[in-house]
Amino acid sequence: MMERRRMEAALLVLLLGHLATALEVPLDLPQPPTITHQSPKDYIIDPRENIIIHCEAKGKPHPSFSWTRNGTHYDIDTDPNVNMRPHSGTLVVDISRERAEHYEGVYQCTARNKHGTAVSNNIFIRQSRSPLWSKERIRPSVVQEGVSLVLPCRPPAGLPPPVIFWMDNYFQKLPQSERVSQSLNGDLYFSNVRREDSRNDYICYARFPHTQTIQQKQPISVKVLNQAPVDERKPTFLIPTGLSSSKTVLRGRVLEMECIAEGLPTPHIYWTKVGGDFPARRTSFLHYNKTLHIANVSESDAGEYSCMAKNRLGVVHHTIRVSVKAAPYWITGAPRNLVLAPGENGVLTCRASGTPKPSIRWFMNGIPIQDSPKDVSRKVEDDTVIFTDVQIGSSAVYQCNISNDYGYLLSNAFVNVLSEPPRVLTPANKVYQVIKNHRALMDCSSFGSPIPKITWFKDSRSSTLDGDPYILHDNGTLEIDVAQAQNSGKYTCVARNILGIYENHVSLEVKEPTRILKQPEYKVVQRGRSVVFECKVKHDTTLFPTMTWLKDDGELPDDERLIVDSDSLTINDVTEGDAGVYTCIMNTTLDQDSASAELTVVEATPTPAVVYERPEPPTDLELTDQKKRSVQLTWTPGDEHNSLIQKFLIQYQDSLHHRGHWHNLTEVPGTKTTAHLKLSPYVHYTFRVLALNAVGFSSPSSPSGTYKTDPAAPDESPTGVQGYGTEHNNLVISWKPLSGLQSNGPGLRYKVMWRQQRLGSEWTQVNVANNSKFIVSGTPTFVPYELKVQAINDYGDGPEPAVSLGYSGEDFPVAAPENVHAVVLSSTQAEVHWDPVPHHLIRGHLKGYKVYYWREHSLHKHHPDHMGKHILTFSGNHSHGMLPGLHPFSLYSFYVKVFNGKGEGPQSPEQQFKTPEGVPGLPTSLIVTNPNLNSLTLEWSPPREHNGHITGYTLKYHTVNNSNELGTEEELALAANETSVTLPNLKYSTRYKFYLNAKTITGPGPAISQEVVTIVDEAVASRQVDIATQGWFIGLMCAIALLILILLIICFIQRNKGGKYPVKEKEDAHTDPEFQPMKEDDCTFGEYSDNEDHKPLKGSRTPSNGTVKRDDSDDSLVDYGEGGDGQFNEDGSFIGEYSGKSISRDTAEGPENSEAPSPTNAMNSLNSFV
């Protein structure tokens, strides 16, 4: 029965006369709401940020918005934390005062106006979660070498699920292999363990992508024993278990299956699909072949898959049966909006599939269609709604809901019944540019109801463009598959329906392709020489090319030796590093061409000196094969002077128009001695030739004989034809005149033609002498004109010129923007909106809009601020603009003007808006008064800029010590009407730093700071002064200083006494050199003089060469003195003497001379012994 009804519906559709297609309705026409942006169905939010649930819609009139939450109406006005953005349905939830999880649930947005109601998807709001790892005691794993092992991860269940990876204590990823790998659930599997697996830092990490947090499991310790060897064994599967398993996956998702086996030696994993092959482009094998990954699953991927684990002892198999289910998906796309004229027919189709088969429900304006008012023009047939003979007032939004166990599709499509004449939406006078022999596409996007019929015309409009080489598409686009030069010109697109006709003009310019005529050539050059790569290009003269050079497909090195000219690359002082492939690329805005050549660098070889000079000039110039527009020139080359001639340059002189001036005509390669020259009419030619080699150009050859060409009609039309006005009632037509060479004959003049750009308009023409402009007076203001300028002379007319478009003079706009209003975005920003002024009221080229705005007064002070006007200019056809840098809590006025090339139009009515409160400014002052021992008073003045109602002040302060370290911060909240506060219980003689800021309901403003030191305790200070100024204290200090000075002088005198003592006497007097009691009277050791300072201690060794060397563990008194050059006599006595520096002796028995050390050095020496 259902199939029969489907067939009947299909036949009815075929019998319907005119089926309207989906159109984009201009926003200035009445239309039901269309939802343009909404949050995703499954919306996971970050609990640290405000929740934004998007719902944007368009319509005429602009729709209003409402919401449901968990199936019931959601009154956002009762929740102070929820706001709806102006002119939008988007909800913004402030979570600073409420936990985000309080707003979890299912939300749905409704947009409605008088023509219908559109609904959004069900938006499931869930808070992202990254829970902590549960505390657990993990016992070390002690296993025998060769057995299998699984280290569990078991991360906390997050939303969305975390990404798992294993690392060590040093945050390095643990190496994985065919033997050791991570499973899809995050566990770490060892097919068999080895002794090198022993470690105590197996750490599983979970990264929660939504909140970008990483959590760590407690480290796992593994100890591998090697007590008894484990026998080799065939593979067995660790996962999955058993011989077979099953898996269900949704169409379009990713199918991942894994097989992890244990065994010794390590088994290899192989995959097959039973009775089929893997989809080549969607299949990959991951984790050392243990995971089979199939992307974008389709129904054909269902079936049985087999994984096999194999080592040299055996094989094990496991079969996985995969079934593919499908949430609903579109077969022919979602239903499209219908725009129908009264009496027309149309169809809404909602065709989708899924597994299991989904059910279809239709709604109208959000209400089940069976509960909606009956409409004889509407008939529902399963997945199709058929409309016949619709009438004004039948507009509505239809919802199609398709669902099964795995999901749903919800689509809005409106039926808009309109009666509208046609209009073309493609911009007028748009210029399309295309390269010759490429495809050209010219748009004619239109709207109308009934749907307009599109026809195209070219230039004279003699016939419609239909058939080769033109292809007319259903959307109005005109295609030329292979564009040629003759396809250039002006095209007219005409849209017609029963209510009217609309024309739009565009232009097509077919450009010559960019081609490299002389490509760079392979070069072999010696190191240290120079090399030149040429790259000469031909391109369309109206395009602006750019030359780029590459080396080995990368940028050229930044080296001054590489010089890039317009058509060449020069490399000076070539090195081995310059070898490579060089590519020149010529780009234009439409196409490009490229060519490459290789450079080989070889070692330089000495060669005999060769003298290079410029070539001798060519001789024997002769003119042959003389025709009206061409002649052949031949010559004989001169001496090359050891450098091959690269090219010949041919120049000409026109003795009729420019006698004495030589012009470059053409170049030919150095291997040719003949050139076929194309000539222009009405020129008296004389030719000469120059030769070029590596040194430079030769002198010019002797001139040839004169060749005179006959006059003719012009071959070209003037270029640069423009039309503009200097007054509101004139039209200035200007052009670039032809040169004397282009005139082709005497009597050059111009035929100037113009007409208004409208149907039936006739051409007006006038002949102008050799000039470059003509002024047409008495024209209407800013009207488009078609212009042509044709060159003529005494021998005839030039070619038919192309039509150009110009405009008569502009005048001031006569209308102001309407529907001007402001949308306040923040305390410092607002957005001004307006309806664009109609084009015919602008009376000129639209340059843009200007917004004049000024601050009337602060809402706090209630008096004018006398602020001047600000002007913001928005170039182009804008309908809104941003006003930045506003003052919070203020009243602003503004108006909008449109302006063209002539000037500004009238202003719109003044509008006003208020900015909300912002944070206050800096308090005006902060001073400290009444400082006491442990208290002080702070006084302040309110901020100059309140930016709202001051709700209070916050005072923070802390101590600061001499090293600028900060003490504990204290904070006080103060009332808004307070301007001073006394702080008790402060520490005396302590530096404090205070910070004070004001607050509004928006938040705190910037803080003013002040630093102060509390008063010193007078009792303590007086005691310190008393002690320091007492006579007994001063006398004591002087006595101590005198005693220290006397002691220093005595020690200095005793240590610097002269005299040497035989070592034998010292040894007799002192049997133990390690024990030397210090004398109290002269601060020396025993009877030793200062010579003994350099005597080695016990345990030191005296080498045979007479120098004193220290044992590794013993010290020597030499180390303590500043001198180190002590020596021994023949009898072994030490003859060095302790002093401030080393002493050398002239003779062995001469008197000792030593510098007296300073008292400071003496004390330092004493201290080193003590």
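Me: How much area does the protein expose, and what share of it do carbon and sulfur atoms supply?
Reply: The model is a predicted one, in which local features need pLDDT of at least 70 and side-chain atom pairs count only at pLDDT 80 or more, while totals for chains, interfaces and linings use all residues. Residues are numbered from 1 along each chain as its sequence is written, and side-chain values use heavy atoms, with hydrogens and water left out. By the Shrake-Rupley method with a 1.4 Å probe, where for residues only the protein chains shown count as cover, the protein exposes about 63,100 Å², and the share from carbon and sulfur atoms is 51%.

Me: What percentage of the 1170 residues of the protein count as buried?
Reply: A residue is buried under 20% relative accessible area, exposed over 50% and partly exposed in between, with a 1.4 Å probe and protein chains only. Of the 1170 residues, the buried share is 41%.

Me: How many helices and strands does the protein have?
Reply: Helices (H or I, at least four residues) and strands (E, at least two) are DSSP runs, numbered from the N terminus. Counted in this way, the protein has seven helices and 85 strands.

Me: Is strand E14 largely enclosed by the rest of the structure or largely open?
Reply: Strand E14 covers residues 163–167, and four of its five residues are buried. Because of that burial, E14 is, with respect to the rest of the structure, largely enclosed.

Me: Which residue in E17 is the bridge partner of isoleucine 164?
Reply: Two strands pair if DSSP finds at least two bridges between them, and E14 pairs with strand E17 (residues 199–208) in the antiparallel sense over five bridges. Within E17, the bridge partner of isoleucine 164 is alanine 206.

Me: How many aromatic pairs does the structure hold, and what is the geometry of the one formed by phenylalanine 278 and phenylalanine 285?
Reply: Rings of Phe, Tyr and Trp (its six-membered ring) pair if their centres lie within 6.5 Å, and planes under 30 degrees apart count as stacked, over 60 as edge-to-face and the rest as tilted. The structure holds 25 aromatic pairs. Phenylalanine 278 and phenylalanine 285 lie 5.6 Å apart centre to centre with 80 degrees between the planes, and their pair is edge-to-face.

Me: Which arrangement do the rings of tyrosine 685 and phenylalanine 687 have?
Reply: Tyrosine 685 and phenylalanine 687 are both buried. Their ring centres are 5.6 Å apart and their planes are at 5 degrees, so the pair is stacked.
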